[in-house]
Amino acid sequence: MKFTVMVNEGPYQHQSSDSAIQFIRAALEKGHEIFRVFFYHDGVNNGTRLSLPPGDDRLLQKEWSELAKEHDLDMVICIAAAQRRGLMDAKEAERQGLDANNIIDGFHISGLGQLIEGGIQSDRTIVFGD
Amino acid sequence: MSTKKFMFVNRKAPYGTVYALESLEVVLIAAAFDQDISLAFIDDGVYQITKGQDTTGIGQKNFSNAYKALGDYDISKLYVEKESLAERGLTQDDLMDLVWEDEDDDWAEKPSIIMVDRAEMTAVMAEQEVTLSF
Amino acid sequence: MAMLHIVNKSPFEKVAFESCLGHASAGDSIIMIEDAAVGAIDGSAFSETLKAAMADKSVYVLAGDLAARGISQDRMIDGITAVDYAGFVDLTADNDTTQSWL
C-alpha cells in the first residue's frame with residue numbers, strides 16, 4: 001500500500017511526531033511505500049537543524065532526517081506554515097533577504113498542493129496531530 | 001487524475017489555536033484539484049462560521065470572510081452538526097450566510113451550509129475516501 | 001466502507017474520544033494511541049461508554065502507549081486488543097480509510 005502521512009505537531013511538545021515516525025518505520029518494515037510525509041502547523045519544526053536535546057534523549061529532527069535519507073522519503077514542509085514559524089531553507093532565506101537558514105537535510109519546502117496530491121495518489125492518508 | 005471524496009473536519013474554535021485558519025488554507029488550495037470536497041463542522045468547529053466575529057480586541061486578523069469565498073471555489077458542501085450547535089446554545093441563525101452559485105441553474109444562489117444531525121453526519125463521514133483533521 | 005478511527009486524546013481530558021464514538025459506524029475500528037490509551041482501563045468513568053461502542057465496533061490500543069502510562073494489559077476492558085505499531089499499520093491497511101480525532 002501507498003501511504004501519505006501528515007504530521008501536524010512539532011517534536012517533543014506532542015507525541016504526534018514520535019507516533020508518526022514509529023508508524024512509518026513499521027510500515028516500511030512491512031514493505032509498504034511511504035508516498036509522502038507532509039509536515040503542517042507546528043509539524044514544520046520537525047525539520048530544524050539547530051536542536052540539541054539532552055544527550056540521553058532521542059533527537060527527533062535527526063531521526064527524521066536519517067529516515068528520509070535511508071529510505072529516500074519525500075518529506076515536505078509546507079511553505080506557508082514554515083514562513084509563519086521561521087523555518088527556512090537556503091533558497092528561501094536568500095529570496096527573502098534573511099541572514100540564515102535552519103532546515104535539516106532530508107526535508108524540503110513546498111506547497112499545500114503536495115498534501116492534496118498525496119491524498120489523491122495514496123491508498124491511505126493518516127494524520128498525526130493534536 | 002482520479003477524483004476522491006475529501007472531507008476536512010473542523011472541531012475547534014478559531015483564534016484560540018491556529019487550526020481553523022490553517023485548515024481553511026488547505027481547503028482553498030484543495031479547491032484547485034477538482035476533487036469532491038466537503039467540510040464538516042462539529043463540536044467547537046461550529047464557532048469557525050459564526051457571524052459577527054470581531055477580533056479587534058485580541059489583535060488577530062479576522063479571517064471569517066474567507067469562508068464566504070468558498071462558494072467561488074466550487075466548495076459548496078459545508079456540513080454543520082445540529083447537536084453541536086444546540087450543545088453550545090447556538091442555532092443556524094448564529095452562523096454566516098454562506099452561499100454558492102449554481103451555474104447549472106442560471107447561477108442561482110444556494111446555501112452551502114447543510115444542517116445535519118449526528119447520525120447524518122456519521123453517514124456522510126462514512127462515505128469519505130480521504131479525511132483530514134487539524 | 002470501514003473506517004479506522006484514530007484517537008489520541010485522553011477521554012478525561014478532551015471530548016475528542018467521545019465525539020469519535022458518536023460518529024463511528026457499525027463495523028468500524030477504533031485504535032487508542034498516545035494519551036487515549038488510558039481509555040482502555042476497565043472501571044473508569046468512561047468504561048461504560050466505550051463498552052457500549054464495542055457492541056458493533058472493534059477497539060484496539062497501542063500496547064506501547066498503555067505500558068508507558070503504567071497500565072498493564074490485564075486491567076483493560078475485556079475485548080480490547082493490544083497491538084504494536086506493526087498491528088497499527090495492518091489496521092490502516094485492513095480498513096478502507098482513516099480518521100484522526102485530534
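Okay, what pattern does chain B follow, read along the sequence? It goes β-α-β-α-β-α-β-β-β-α-β. Before I go on, keep in mind that this is a predicted model.

So, chain B first. If you count up its elements, you get 4 helices and 7 strands. For overall dimensions, the C-alpha trace spans about 45 × 30 × 30 Å along its principal axes. Now the check I like to do: a compact globule with 134 residues would have a radius of gyration near 14 Å, and chain B comes out at 14 Å, so the value agrees with the globule rule.

What about the inside of chain B? Buried residues make up 39% of its 134 residues. And for those of you who think in contact maps: take the contacts in chain B with a separation of 6 or more, and 75% of them come from residues 24 or more positions apart.

Right, on to the neighbours. How many residues of chain C are in contact with chain B? There are 12, and they meet 13 residues of chain B. On the chain C side, the elements giving two or more residues are α1, which runs over 16–22, and β5, at 97–101. Of the contributors, β5(C) gives the most, with 4 residues.

Last thing, and one for anybody setting up electrostatics: which classes make up that side of chain C? By class, the side touching chain B has 7 polar and 5 nonpolar residues, and no charged ones.

That's my bit, so over to you for the discussion.

Technical notes
Residues are numbered from 1 along each chain as its sequence is written. Chains are lettered from A and ligands numbered from 1 in the order in which they are written. This is a predicted model: local features need pLDDT of at least 70, side-chain atom pairs count only at pLDDT 80 or more; totals for chains, interfaces and linings use all residues. Two residues are in contact if their C-beta atoms, placed from the backbone, lie within 7 Å. Ala, Val, Leu, Ile, Met, Phe, Trp, Tyr, Cys and Pro count as nonpolar, Asp, Glu, Lys and Arg as charged, and the others, Gly among them, as polar. The radius of gyration is taken over C-alpha atoms; the globule rule is 2.2 Å times the number of residues to the power 0.38. A residue is buried if 20 or more other C-beta atoms lie within 10 Å of its own, exposed if 12 or fewer, and partly exposed in between; C-beta atoms are placed from the backbone.
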